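Student: I'd like to go through this model with you, from the overall fold down to single side chains. Can we take it one piece at a time?

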Amino acid sequence: MTTPGNDVDSDTDLLAAVRAGDTAAYGTLYERHHAAARLFAYGLARDPADADDLVAETFAKVFASLRAGRGPLVAFRAYLHTTMRHVCYQRARSDRRLEFTDDLSRYDPGEPFTDPALAQLERSFAAAAFRQLPPRWRVVLWHTEVEGSTPAELAPRMGLTPNAVAVLAHRAREGLRSLYLQQHVTAAEHPECRWAGERLGPQVRGRLAPRDAHRMRTHLGRCADCRGRLAEIREIDGFRHSGYRPRHHAGTAG
């Protein structure tokens with residue numbers, strides 16, 4: 001049995017027990033984290049039924065990963081929330097591809113539709129990526145992308161030439177794109193997979209240093225899981241062919 005106030009340590013023991021085949025241990029994890037997961041799901045899905053489905057699918061996916069010898073060794077709740085964001089994004093993208101029609105209305109272009117859950121999730125990913133940027137990159141992105149300042153207008157305020165501001169803005173946009181893609185990568189268990197996972201965003205954007213690029217190619221050549229993660233965020237990058245703008249959801253610059 002676990003003792004109050006020692007949940008983190010006992011989660012680690014329960015995770016090990018699940019890997020060893022103890023399904024009851026996963027039931028304990030479910031009871032302990034279900035309420036928090038449900039609250040988190042309500043932030044991703046507006047409909048209560050959708051939120052409950054999201055919780056159920058997420059717990060099922062994590063359980064399958066643990067039984068297959070993958071998944072978290074520690075920090076179960078953080079892994080659960082990351083998986084839930086993944087599931088929500090995948091469901092929203094799948095729903096966009098479904099077509100329910102048997103008449104000629106399929107040929108009517110109609111009005112563009114933006115899935116609210118997907119839009120909310122993408123905003124949260126963009127905001128998280130924006131917060132991870134260096135301060136000067138956040139400043140130049142905020143002024144150029146949100147406030148609409150030109151490099152010439154911004155140069156005196158930053159003590160740079162207009163050309164240097166333009167270069168800095170380009171680097172900041174590339175950094176934001178890489179970090180945005182990185183938000184879609186679930187943390188892996190194996191150290192080499194974790195190393196690769198932390199660099200899949202830059203890999204897609206072609207921003208890896210030569211030495212890291214060689215190591216990445218070697219790893220991808222023998223790891224099907226990481227190849228799958230790479231294919232997934234390449235698809236996401238394709239969907240996000242338009243600009244990544246933090247807008248007012250990213251917070252304030254500084």
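Below, we talk through the fold, a helix pair, the cores and the cysteines.

Tutor: Ground rules, then: this is a predicted model, where local features need pLDDT of at least 70, side-chain atom pairs count only at pLDDT 80 or more, and totals for chains, interfaces and linings use all residues. Residues are numbered from 1 along each chain as its sequence is written, and side-chain values use heavy atoms, with hydrogens and water left out.

Student: How many helices and strands are there in the protein?

Tutor: Helices (H or I, at least four residues) and strands (E, at least two) are DSSP runs, numbered from the N terminus. Along the sequence the pattern is α-α-α-α-α-α-α-α-α-α-α-α. The count is twelve helices and zero strands.

Student: At what angle do α2 and α3 pack?

Tutor: Helix α2 covers residues 23–42 and α3 covers residues 48–67, with their axes 10 Å apart. Axes are lines fitted to C-alpha atoms, for helices over the stretch in contact, and angles run from 0 to 180 degrees between N-to-C directions. The angle here is about 145°.

Student: Which residues of the largest nonpolar core touch the most other members?

Tutor: A nonpolar core is a set of buried (under 20% relative accessible area, 1.4 Å probe, protein chains only) Ala, Val, Leu, Ile, Met, Phe, Trp, Tyr and Cys residues joined through side-chain atoms within 4.5 Å. This one has 22 residues, and the most connected are Tyr26, Leu29, Leu54, Phe59, Val62, Phe76 and Met84.

Student: Which residues does Val62 touch, not counting residues up to four places away in sequence?

Tutor: Contact means heavy atoms within 4.5 Å. With those sequence neighbours left out, Val62 touches Tyr26, Phe76, Tyr79, Leu80 and Thr83.

Student: Why is there no bond between the sulfurs of Cys193 and Cys223?

Tutor: A disulfide is a pair of cysteine sulfur atoms within 2.5 Å, and a search of the whole structure finds zero of them. Cys193 is buried, with a relative accessible area of 12%. Its closest cysteine sulfur is in Cys223, too far for a bond because the distance is 3.7 Å.

Student: How far from Cys226 is the nearest cysteine sulfur?

Tutor: Cys226 is buried too, with a relative accessible area of 0%. Cys226 is in no disulfide, and the nearest cysteine sulfur, that of Cys223, lies at 3.6 Å.

Student: What share of the protein's residues count as buried?

Tutor: The cut-off is the one used for the core, and the total runs over the 254 residues of the protein. The buried share is 41%.

Conventions
Buried < 20%, exposed > 50% of the residue type's maximum accessible area, 1.4 Å probe, protein only.
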